[in-house]
Amino acid sequence: MAKTILITGSSSGFGFLSAKKFQAEGWNVVATMRTTSKDSELAKLDNVLVCRLDVTDRASIKEAVAAGLERFGRIDVLFNNAGFGIFGPVEAATDEQLRRLMDVNYFGLVDVMKAVLPHMRERREGLIINMSSVGGRITYPYTSAYHGSKFAVEGITEAMQYEVNPLGIRMKLIEPGAFGTSFTSNMVLINLEQVPDYQTGFNGFVARMQEELGSGQQDPQDVANLVFEAATDGTDKLRYPVGADALGLLEARGKMDHVAFKIMLGEQMGVSLEPVK
């Protein structure tokens, strides 16, 4: 019997590519997204069910999971992919921006897991793959709020192993570096009008980040392929970093002390740490 994966955030980017990858490999795919009208391709593929799912809307989560189970009879893997980024200093972020970020990247992810877990517990089998980031293990300048959400994803995913492994359910994390996907166009830049002291440093970071994301040197398909590997390798491996930048930064962080790494990354990202008079 073909296995089934439910993917959130499937309208574009890593979610879309992962849905196509799993379908091509013979899996059943429940491809979910906030607005199903955005899909012009997945619904035409065999063994793909496109459903509306907004991770901040619990009713839509419940309905999508139920529809997937009705169509395919089982959900073997959940890939929690939906998320977005906010960039800028925390002081300038609005309460609404910060809460929205956590509602999508953390609480939404938790709510989808809670919707799928009863089915997996009943079967004593399942795998949950949560989309994190290299930014769940190291930090960039001017991305504090985003890192807070991804460090939370890392923490809950690692800790949940102790809860669900005895029930036959495994937990995994995907940790991409900088890839040019729809994440780039969807990221929110915080308005610094009220706190202009941050503007010079932030401008340097944004210019460097846009250059890195727009370089096209890293293929988003590599991430989708790694998600498939994580789903099928049969191991208890927890973390799957992907991208030359992610692998390089993680290696450097393991070799350098905190201060040296901070200075190095600040310079790499176009941000000076010298006090401004």
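# Exercises on a predicted model

Leaving aside residues within four places in sequence, His 147 makes contacts with Gly 135, Ile 138, Thr 139 and Tyr 140. The model examined here is predicted, and the exercises below start from this residue.

## Exercise 1. Two residues of one helix

Determine in which helix His 147 lies, and whether His 147 is buried or exposed.

Solution. Step 1: His 147 belongs to helix α4. Step 2: the relative accessibility of His 147 is 4%. Step 3: the cut-off for a buried residue is under 20%, so His 147 counts as buried.

Then carry out the analysis for Glu 154, stating which residues Glu 154 is in contact with beyond its neighbours within four places in sequence.

Solution. Step 1: Glu 154 is likewise placed in helix α4. Step 2: with a relative accessible area of 4%, Glu 154 is buried. Step 3: outside its neighbours within four places in sequence, Glu 154 is in contact with Ser 132, Ser 133, Gly 136, Arg 137, Leu 173, Glu 175 and Arg 239.

## Exercise 2. The span of helix α4

Establish what span helix α4 should have at 1.5 Å a residue, and how far apart its end C-alpha atoms are.

Solution. Step 1: helix α4 covers residues 144-164, which is 21 residues. Step 2: the expected span is 1.5 Å times one less than the number of residues, and this gives 30 Å for α4. Step 3: the end C-alpha atoms of α4 are 30 Å apart, so the model agrees with the expectation.

As a further step, list the buried residues of α4.

Solution. The buried residues are Ala 145, Tyr 146, His 147, Ser 149, Lys 150, Val 153, Glu 154, Ile 156, Thr 157, Met 160, Gln 161 and Val 164. In an α-helix there are 3.6 residues a turn, so residues three or four places apart point the same way.

## Exercise 3. Strand β7 and Lys 172

Describe how strand β7 is covered and in which sense β7 pairs with strand β6.

Solution. Step 1: β7 (residues 169-176) is mostly covered, with 7 of its 8 residues buried. Step 2: β6 (residues 126-131) and β7 pair in the parallel sense, over 6 bridges. Step 3: opposite Ile 174 in β7 stands Met 131.

Next, place Lys 172 and find which residues Lys 172 touches.

Solution. Step 1: Lys 172 is located in strand β7. Step 2: its relative accessibility is 0%, so Lys 172 counts as buried. Step 3: not counting residues up to four places away in sequence, Lys 172 touches several residues, among them Leu 127, Ile 128, Ile 129 and Asn 130, and also Thr 157. Step 4: Phe 72 is 100 residues from Lys 172 along the chain, and their C-alpha atoms are separated by 23 Å.

## Exercise 4. The second largest pocket

Characterise the second largest pocket by volume, lining and contributing helices.

Solution. Step 1: the volume is about 600 Å³. Step 2: the lining comprises 26 residues, and Pro 141, Tyr 142, Val 271, Ser 272 and Leu 273 lie nearest the centre. Step 3: α4, α6 (199-213) and α9 (258-268) each supply at least two lining residues, and α9 gives the most, with 5 residues. Step 4: by character, the lining divides into 13 nonpolar, 7 polar and 6 charged residues.

Finally, examine Tyr 142 from this lining.

Solution. Step 1: Tyr 142 sits in the loop between β6 and α4. Step 2: at 16% relative accessibility, Tyr 142 counts as buried. Step 3: although not a glycine, Tyr 142 has a positive phi of about 55°.

How values were computed: Residues are numbered from 1 along each chain as its sequence is written. This is a predicted model: local features need pLDDT of at least 70, side-chain atom pairs count only at pLDDT 80 or more; totals for chains, interfaces and linings use all residues. Side-chain values use heavy atoms; hydrogens and water are left out. Helices (H or I, at least four residues) and strands (E, at least two) are DSSP runs, numbered from the N terminus. Buried means under 20% relative accessible area, exposed over 50%, partly exposed in between (1.4 Å probe, protein chains only). On a 1 Å grid over the protein atoms alone, a cavity is a set of points where a 1.4 Å probe fits but cannot get out, and a pocket is an open set with protein on both sides within 12 Å along at least five of seven lines; lining residues have an atom within 4 Å of a point. Grid points are joined across faces, edges and corners, and a volume is the space filled by probe spheres set on the points. Ala, Val, Leu, Ile, Met, Phe, Trp, Tyr, Cys and Pro count as nonpolar, Asp, Glu, Lys and Arg as charged, and the others, Gly among them, as polar. Contact means heavy atoms within 4.5 Å. Two strands pair if DSSP finds at least two bridges between them.
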